[in-house]
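Reader: I'd like to go through this one by asking why things are called what they're called. Can you show me the structure and then take my questions?

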Amino acid sequence: MASNATSVTEPNVAPTSTPISSADTVPLNISSIITFLFSLSALRDWLKLILIGGFFETCRQIVFGLYYKMVSAFWVNAYFDGHDACYDWLMVWLSKQPSWKRSRDVQISTQTYGAKSSAITLDGEENHSSSLKSFRKLSYLPSLSVTYSLWYKGCYMTITRTQEQVQNGWFGEKEQTLNISILTRNRDILVHLLQEARTEYIAAQEHHMCIFAHMDGWNNGWTHVASRSKRSLNSIILDPGIKEMLVEDARGFLESKAWYAERGIPFRRGYLLWGAPGSGKSSLIHALAGELGLDIYVVSLGKAGLDDSSLNSLINQLPERCIALMEDIDAAFTTELTRDNEAANDSKNPQNPGGSALSLASTQTNNRVTLSGLLNTLDADWHAHQLGRILFATTNKFSSLDPALRRPGRMDVHIEFKLASKYQARELFYRFFHPGDVVTGIDDDESDSDESDGSSDSGYSSRDKPEKVQLIEIETPTVHDKDKLTNGKLRSLANEFADAIPEHEFSMAALQGYLMMHKTAPLQAIEQVGIWSQKEKEDRAAKDQPTQHEPRKEDVKLPEETEKEKLEKEITQRVEKEVREHLERERFEKELMERIEKEMTAKMEELFNGQHIC
Ligand SMILES: Nc1ncnc2c1ncn2[C@@H]1O[C@H](COP(=O)(O)OP(=O)(O)OP(=O)(O)O)[C@@H](O)[C@H]1O
């Protein structure tokens, strides 16, 4: 019975080999969790490391914070963006610093930079410009990522030029920055530096003007593309009064900001110069810009990648007091391009050949400027900013411009440029062989009189009285011009020249071209002008008239066919241009990708090497 009882009461559980320790059990409350964690020695070490690391990091941050505070208290730091005008000022200023000229670490470029800017002529190079060989000026720029130090007004100063590749839309772009640090507590030093740099820049610009243009693609900004010597207004020969009126109007406009503001009139002025090709429209704008000290911003409405919104943004970025120039505006905006693109897309209209071409372009690429886009830009943005911008537009075909574009308020002054008058021909001849700054339009006899004070109706601004008899030497005279010409003789030759030139038949460019053929022989130019004029007229008539001989059957073309052919040619040319531009863009993108790839590979290698060394 007992054995039975024993067998019943004994538990049927396998005995455990080791007892479970209290430390191995998972703790249930927080204090026991902490006790449990501290019992793990590895974790203890980790915590120590974190605390020590945190302590040192905090110390580092405090030290650096104090350092930067101290640095910012003793240093004045300024950054200049490569696209900004101040960048150019500082480059010009830098180029004038003797210590910079002695620098042994420079970047050399044949690109002109800014105005005259950092173009430093090497010793012995001065004479090159007089040689017949083509000569490109060298620009010495601060090397990239090198810090130059110099002294300015007793203060130590460092200059660093950096460049980085930034992504701009689809395209990459190099952006340059100039960093100037001056060791001083006086912030005015920076202001002085900027003022000095600007003054030097203006002085360097005195005989130059800058031309800016916008680049293709999505880079929506202005780039300095050229610095040109200012052209004297005297070298532009127009019928009396025209040039003077324009200069006075533009100058008066720039000086009357308050007048415009008081009356709530948008402070802008538009000039439309229209007329014969080669009659001096572009030349006059450049000369006027030089006279008024304005830079020219060329807006190419037909440029690939330019659409309404990018045009708007470009115009918004124009600086105060400048000339915006839209050349051959008729090429982009004709009556055929109506305000809504749909109408322009009406390619079936036989009266609308330009419209067809444009519609084709606009259906193929959506990035074209529309007339309404331009009108909106002119109205909205130029009105909003009272910045005194002058718009010049030129065209050969006044009537083909949409009336909305040429109405006052958008194009306030219209100036017609005709083919050369006798007056212009005479003055051109005289000035061509006697290009000094003289009073023109006055006969020698008149110049004797007291009234000849330079304000004759020729309107040329020089106040110098012409000498009664002036010997004019023609360089390397030919057989005909052995004798030196007196001023009077040259005047009478100019009159002869004008007599031989029919009124309003030749452009000034054509007359200039003729004189260029006799540039050292005025007498010969007079002798042959009759023959030349006759021949030109005959050539022109031959081009205009159908040929006298019986045309072959296949040569006969109906006027409609000719028109159609012209249209087809125009379309083909446009399409070809678009394709060319597209291919060009593709090529550029490919090159860019390759370059980026290369740079990335180099960076990766560098990185890899670095890790390896570590
Ligand atoms: N009125 C002028 N006075 C002096 N030179 C002139 C004049 N007109 C033209 N020229 C000369 O002719 C050349 C062409 O002139 P310019 O380019 O200014 O003409 P344009 O009217 O703008 O021609 P286009 O309408 O074809 O653009 C220049 O070299 C310029 O010096």
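Author: Sure. Keep in mind that this is a predicted model. Let's begin with Trp93, which touches Leu150, Tyr152, Met157, Ile159, Leu193, Glu196, Ala197 and Glu200, leaving aside residues up to four places away in sequence.

Reader: What makes those "touches"?

Author: The cut-off is heavy atoms within 4.5 Å. Trp93 also belongs to the largest nonpolar core, which has 55 residues; Trp93, Met157, Ile182, Leu193 and Leu374 are the members that touch the most other members. Helix H4 (residues 85–95) gives this core its largest share, seven residues. At least three residues come from each of domain 1 (75–122 + 136–206) and domain 2 (222–332 + 369–417). There's a second, separate core too, with 29 residues, Leu254, Leu292, Ile323 and Leu325 among them.

Reader: Now strand E9. Why is Arg269 called buried?

Author: Arg269 lies in E9 (residues 268–275). Buried means under 20% relative accessible area, and Arg269 comes in at 17%, so it counts as buried.

Reader: What does the side chain of Arg269 make a polar contact with, and how do you know that it is one?

Author: The partner is the side chain of Asp249, at 2.8 Å. The limit for such an N or O pair is 3.5 Å, and 2.8 Å is within that. Arg269 also touches Phe253, Tyr260, Arg389, Ile390, Leu391, Asp412 and Val413.

Reader: Why do you say E9 is largely enclosed?

Author: Because eight of its eight residues are buried. Both faces are covered: Arg268, Gly270, Leu272 and Trp274 on one side, and Arg269, Tyr271, Leu273 and Gly275 on the other.

Reader: How do you know that E9 pairs with E12 and E13?

Author: Pairing takes at least two bridges. E9 has seven to E12 (residues 389–395), running parallel, and five to E13 (residues 413–417), again in the parallel sense. As for who faces whom, Gly270 stands opposite Leu391 in E12. On the E13 side, Leu273 has Ile415 as its bridge partner, and Trp274 stands opposite Glu416.

Reader: What makes E8 and E13 edge strands?

Author: The open sheet has seven strands in the order E8-E7-E10-E11-E12-E9-E13, with mixed pairing. E8 (222–229) and E13 each have a single partner strand, so one side of each is left without a neighbour in the sheet. Neighbouring strands are turned by 25 degrees against each other on average, direction ignored. Helix H7 (residues 242–254) packs on this sheet, touching E9, E12 and E13, and its direction makes about 160 degrees with that of E9.

Key. Residues are numbered from 1 along each chain as its sequence is written. This is a predicted model: local features need pLDDT of at least 70, side-chain atom pairs count only at pLDDT 80 or more; totals for chains, interfaces and linings use all residues. Side-chain values use heavy atoms; hydrogens and water are left out. Helices (H or I, at least four residues) and strands (E, at least two) are DSSP runs, numbered from the N terminus. Buried means under 20% relative accessible area, exposed over 50%, partly exposed in between (1.4 Å probe, protein chains only). A polar contact is a pair of N or O atoms within 3.5 Å; within protein, one must be able to donate a hydrogen and the other to accept it, and residues adjacent in sequence count only if both atoms are side-chain atoms. A nonpolar core is a set of buried Ala, Val, Leu, Ile, Met, Phe, Trp, Tyr and Cys residues joined through side-chain atoms within 4.5 Å. Domain bounds come from an automatic or database domain assignment. Axes are lines fitted to C-alpha atoms, for helices over the stretch in contact, and angles run from 0 to 180 degrees between N-to-C directions.
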